[in-house]
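Reader: I am new to this structure and would like to learn how to read it. Can we go through it feature by feature?

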Amino acid sequence: MITFPNAKINLGLQILRKRQDHFHDIATCIYPIPLTDALEIIPSGTLHFGSSGRDIPGNPDSNLVLKAYQMLYADYPRISPVSIHLYKKIPIGAGLGGGSADAAFALKMISDIFGLDLDVLQLEHYGGQLGSDCPFFIENQPRIATGRGELFQPAPVNLSGNWVYLVHPEIHISTREAYAGVVPRSGQKDLKEILDKPSTWKTDLTNDFEASLFENHPTLSAIKTSFYEAGAWYAAMSGSGSAVFGLFSSAPEKLSFPKHYFQLIRQLD
Ligand SMILES: C[C@@](CO)(OP(=O)(O)O)[C@H](O)COP(=O)(O)OP(=O)(O)OC[C@H]1O[C@@H](n2ccc(N)nc2=O)[C@H](O)[C@@H]1O
Ligand SMILES: Nc1ncnc2c1ncn2[C@@H]1O[C@H](COP(=O)(O)OP(=O)(O)O)[C@@H](O)[C@H]1O
């Protein structure tokens, strides 16, 4: 079986309070975008994981896709070993959720291949043990996410027909470090109310990671400014960064960023 785990962007990201479990309560709109990895999983005599495309930092044995298999195998020892190949295209540590998407798609694939018949809630529960962003990719639809990022409400957002221009300056930002650099702010304006009014997004739909990360990485702020100068009706950093995106009503011209930057221009379905 082959699937194409997609990335996401965050429309607004409010960091509200630190929790007892050392995570943070957040409010964000997570939106899928057409940038994908490719993931193949085949029943096999022995367990194997390999990847190609972008190098993935860390030990392959700790890859989130392998962790997804091992977690299901622990509860369903009747499933056979599998051979897994991941073609990595989504920039890593970019605020695009690529690792979480790979893990979520692996959970769905393994459930399908071996007829585990896991429902959405069960898959989301397994996903939540692999990462806060993971449960989103089980249904993979625009959602307002709260709690650690695992509680969902419908999102009053439809970007169909808009163009997304995504730039990743290949600066790897660890999610943990990004959260450590932010002072939580509770009592922020209701995210759903802001999302309901796209005309206010430029001023009201904020990503709380931007202040600290833009200070340390002025390049990111410059990318956001260049999107507005190019006619974006909204631009922001995605998640804990470092990818920055702009939304355009019509196809944007390609801008002249340094050639090692990852760039993507796509119309949203
Ligand atoms: C910031 C967000 C926004 O969508 O996405 P990315 O920027 O990573 O794509 C997510 O909250 C990231 O989710 P994810 O990348 O799965 O984070 P996890 O692996 O669960 O957590 C990594 C570390 O980030 C911190 N963390 C994560 C989520 C959260 N709600 N509060 C936190 O404080 C914790 O220090 C945790 O140990
Ligand atoms: N399949 C995977 N793809 C990408 N990163 C992975 C994967 N499995 C584990 N990781 C680890 O997760 C971290 C990045 O996760 P990723 O989801 O790409 O970040 P972000 O959510 O910021 O976009 C890296 O430190 C990487 O080593």
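Author: What follows goes from the whole chain to single strands and residues. Keep in mind that this is a predicted model.

Reader: Where do I begin: how many helices and strands does the chain have?

Author: Begin with an inventory of the elements. The chain has nine helices and 12 strands.

Reader: What radius of gyration does the chain have, and what would a compact globule have?

Author: The idea is to compare the value for the chain with the one expected from its length. A compact globule of 269 residues would have a radius of gyration near 18 Å, and the chain has 18 Å, so the two agree. Along the principal axes, the C-alpha atoms fill a box of roughly 55 × 40 × 35 Å.

Reader: What share of the residues counts as buried?

Author: A residue counts as buried when its relative accessible area is under 20%. By that cut-off, 52% of the 269 residues are buried. As for the outside, the accessible surface comes to about 12,300 Å², and carbon and sulfur atoms hold 51% of that.

Reader: What share of the contacts joins residues at least 24 apart in sequence?

Author: Here one looks at contacts between residues at least 6 apart in sequence. Of these contacts, 74% join residues at least 24 apart.

Reader: Next, the sheets. In what order do the four strands of the open sheet lie?

Author: A sheet is read strand by strand, from one edge to the other. This open sheet has the order β2-β3-β7-β8, with antiparallel pairing. Its edge strands are β2, residues 6-18, and β8, residues 151-154, each of which pairs on one side only. On average, neighbouring strands of the sheet are turned by 25° against each other, direction ignored.

Reader: How many bridges join β2 to β3?

Author: Bridges show which strands run side by side. Strand β3 covers residues 24-36, and 11 bridges join β2 to this antiparallel partner. One residue pair to look for is alanine 7 with its bridge partner in β3, isoleucine 33.

Reader: Which residues does UniProt list under "active site"?

Author: Such a label comes from a record, and the model can then be used to see where the listed residues lie. The unreviewed UniProt entry places the feature "active site" at Lys8 and Asp133. They span 126 residues in sequence, yet their C-alpha atoms are no more than 9.6 Å apart, so they gather at one spot.

Reader: Is lysine 8 buried or exposed?

Author: Its relative accessibility is 3%, so lysine 8 counts as buried. Lysine 8 lies in strand β2. Leaving aside residues up to four places away in sequence, lysine 8 touches several others, including Ile30, Tyr31, Gly97, Asp133, Phe137 and Gly239.

Reader: Which residues does the record's domain annotation cover?

Author: A domain annotation marks a stretch of the sequence, whose make-up can then be read from the model. The unreviewed UniProt entry gives "domain: GHMP kinase C-terminal" for residues 207-251. That span is 42% helix and 20% strand, and its end C-alpha atoms lie 25 Å apart.

Reader: How many residues of β11 are buried?

Author: To judge how enclosed a strand is, count its buried residues. In β11 five of the five are buried, so the strand is largely enclosed by the rest of the structure. Both faces are covered, with Val244, Gly246 and Phe248 buried on one side and Phe245 and Leu247 on the other.

Reader: Which strands are joined to β11 by bridges?

Author: Strand β9, residues 163-168, runs antiparallel to β11 and is joined to it by five bridges. In this pair, tryptophan 163 stands opposite phenylalanine 248. Strand β10 is also antiparallel to β11, with four bridges, and alanine 235 has glycine 246 as its bridge partner in β11. The hairpin of β10 and β11 has six residues between the strands, and glycine 239 there takes a positive phi near 55°.

Reader: Where is the cis peptide bond in this loop?

Author: The angle to read for a peptide bond is omega. The cis bond joins glycine 241 and serine 242, with omega about 15°. Serine 242 is in the loop between β10 and β11.

Reader: What phi does histidine 22 have?

Author: Histidine 22 is not a glycine, yet has a positive phi of about 75°. Histidine 22 sits in the loop between β2 and β3, and its relative accessible area is 61%, so it is exposed.

Conventions
Residues are numbered from 1 along each chain as its sequence is written. Chains are lettered from A and ligands numbered from 1 in the order in which they are written. This is a predicted model: local features need pLDDT of at least 70, side-chain atom pairs count only at pLDDT 80 or more; totals for chains, interfaces and linings use all residues. Side-chain values use heavy atoms; hydrogens and water are left out. Two strands pair if DSSP finds at least two bridges between them. Helices (H or I, at least four residues) and strands (E, at least two) are DSSP runs, numbered from the N terminus. Axes are lines fitted to C-alpha atoms, for helices over the stretch in contact, and angles run from 0 to 180 degrees between N-to-C directions. UniProt positions are given in the numbering used here, feature names are shortened, and annotations may be inferred rather than shown by experiment. The radius of gyration is taken over C-alpha atoms; the globule rule is 2.2 Å times the number of residues to the power 0.38. Buried means under 20% relative accessible area, exposed over 50%, partly exposed in between (1.4 Å probe, protein chains only). Contact means heavy atoms within 4.5 Å. Accessible areas come from the Shrake-Rupley method with a 1.4 Å probe; for residues, only the protein chains shown count as cover.
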